[in-house]
Amino acid sequence: MLPVTVLYDAALTVSLPPQISGPSGMNALAHCVEALYAEDANPLITLAAVEGIRALSRALPIVVRQPDDLDARSDAQYGAWLGGMVLGAVGMAIHHKLCHTLGGSFNLPHAEVHTVILPHATAFNRDAAPEAMRLIADALGTSDAAQGLYDLAVQIGAPSSLKEIGMPRDGLDRAATLATTNPYYNPRPIDFPGVLQLLEDAYKGTRPK
């Protein structure tokens, strides 16, 4: 379903608990990250995606610390709108494939899965999409895209491991198989050992190297 009109009102989000607001913002940020290395990426979408990362990364720490800060809420909604726009314009990659697999097959919470997987999917693609990594890191104000995303999640008190959101350890092989059977486009070739390692790192919640 596609809406005809969407109204953004920051005042309506003030009662949304920080533990929901933070991961929801990371979910929107994931759209921006994957838009930067999408198969059909283009300069306009790149500008929007970078701006979305910048807005969300500066707003989310304030939103979770001061839930009634309307300026931060508005900034977060601005970033989320950009995330939705790029999601509707270009394709997604390994991060979204994994999140759909984990959410659909293991009944894991949607936004939290995005939050946990995003740094590790970014690290997975690090060498295959260097320009995207540079743009992400610059927008986050850090030297490494994957580490910056992980640190942001920790800063806002969001989950950092699949284990803590209910993923069974014995399901990782099945998840890797499902994600590699009919993979989305991805800048780095999708292979079972690589995806399984990604999932194992996400299960443990280790900071990307």
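Begin by selecting Asn 107, which follows helix H4 and has a positive phi, near 55°. The model on display is a predicted one. Asn 107 is not a glycine, although its phi is positive. Its place is the loop between H4 and H5. With a relative accessible area of 70%, Asn 107 is exposed.

Next, step back from the loop into helix H4, residues 94–106. The 13 residues of H4 should span 18 Å at 1.5 Å a residue, and its end C-alpha atoms lie 17 Å apart, which agrees. Colour the buried residues of this helix: Ile 94, His 95, His 96, Lys 97, Leu 98, Cys 99, Thr 101, Leu 102 and Phe 106. Show H1, helix H5 (110–124), helix H8 (172–181) and helix H9 (192–204) as well, since the buried residues of H4 pack against these helices.

Keep H5 in view and select His 120, which lies in this helix. Is His 120 buried or exposed? Its relative accessibility is 5%, so His 120 counts as buried. Beyond residues up to four places away in sequence, His 120 touches Leu 198, Asp 201, Ala 202, Thr 206 and Pro 208.

Now turn to helix H6, residues 130–140. Its buried residues are Ala 132, Met 133, Leu 135, Ile 136, Ala 137, Ala 139 and Leu 140. The cover over them includes H1, helix H2 (43–65), H5 and helix H7 (145–155). Just after H6, select Gly 141, where phi is again positive, at about 75°.

From H6, move to the nonpolar interior. In soluble globular proteins, nonpolar side chains tend to be buried together. Here the largest nonpolar core has 41 residues, and those with the most contacts inside it are Met 26, Leu 29, Val 33, Leu 36, Ile 53 and Ile 136. At least two residues of this core come from each of H1, H2, helix H3 (70–89), H6 and H7. H2 supplies the largest share, 10 residues.

Centre the view on Val 33. Which residues does Val 33 touch, not counting residues up to four places away in sequence? They are Ile 53, Leu 118, Thr 122, Ile 136 and Leu 149. Apart from the largest core lies another, of 24 residues, among them Val 116, Ala 121, Ala 175 and Ala 176.

Return to helix H2 and select Val 63. This residue is buried, with a relative accessible area of 2%. Its contacts, leaving aside neighbours within four places in sequence, are Ser 21, Ala 72, Arg 73 and Ala 76. Add Gly 25 to the selection: the C-alpha atoms of Val 63 and Gly 25 are separated by 9.7 Å, while the two residues are 38 apart along the chain.

Finish at the surface. Select Val 6, Tyr 8, Tyr 78, Trp 81 and Met 85, which form a nonpolar patch with about 480 Å² of accessible area together. Within this selection, Tyr 8 belongs to the segment before helix H1 (18–35). Tyr 8 counts as partly exposed because its relative accessibility is 44%, a value between the 20% limit for buried and the 50% limit for exposed residues.

Terms used. Residues are numbered from 1 along each chain as its sequence is written. This is a predicted model: local features need pLDDT of at least 70, side-chain atom pairs count only at pLDDT 80 or more; totals for chains, interfaces and linings use all residues. Side-chain values use heavy atoms; hydrogens and water are left out. Patches are made of residues with over 30% relative accessible area and no salt bridge: like charges are joined within 9 Å, nonpolar side chains (Val, Leu, Ile, Met, Phe, Trp, Tyr) within 5 Å. Accessible areas come from the Shrake-Rupley method with a 1.4 Å probe; for residues, only the protein chains shown count as cover. A salt bridge is a side-chain nitrogen of Lys or Arg within 4 Å of a carboxyl oxygen of Asp or Glu. Helices (H or I, at least four residues) and strands (E, at least two) are DSSP runs, numbered from the N terminus. Buried means under 20% relative accessible area, exposed over 50%, partly exposed in between (1.4 Å probe, protein chains only). The expected span of a helix is 1.5 Å times one less than its number of residues. Contact means heavy atoms within 4.5 Å. A nonpolar core is a set of buried Ala, Val, Leu, Ile, Met, Phe, Trp, Tyr and Cys residues joined through side-chain atoms within 4.5 Å.
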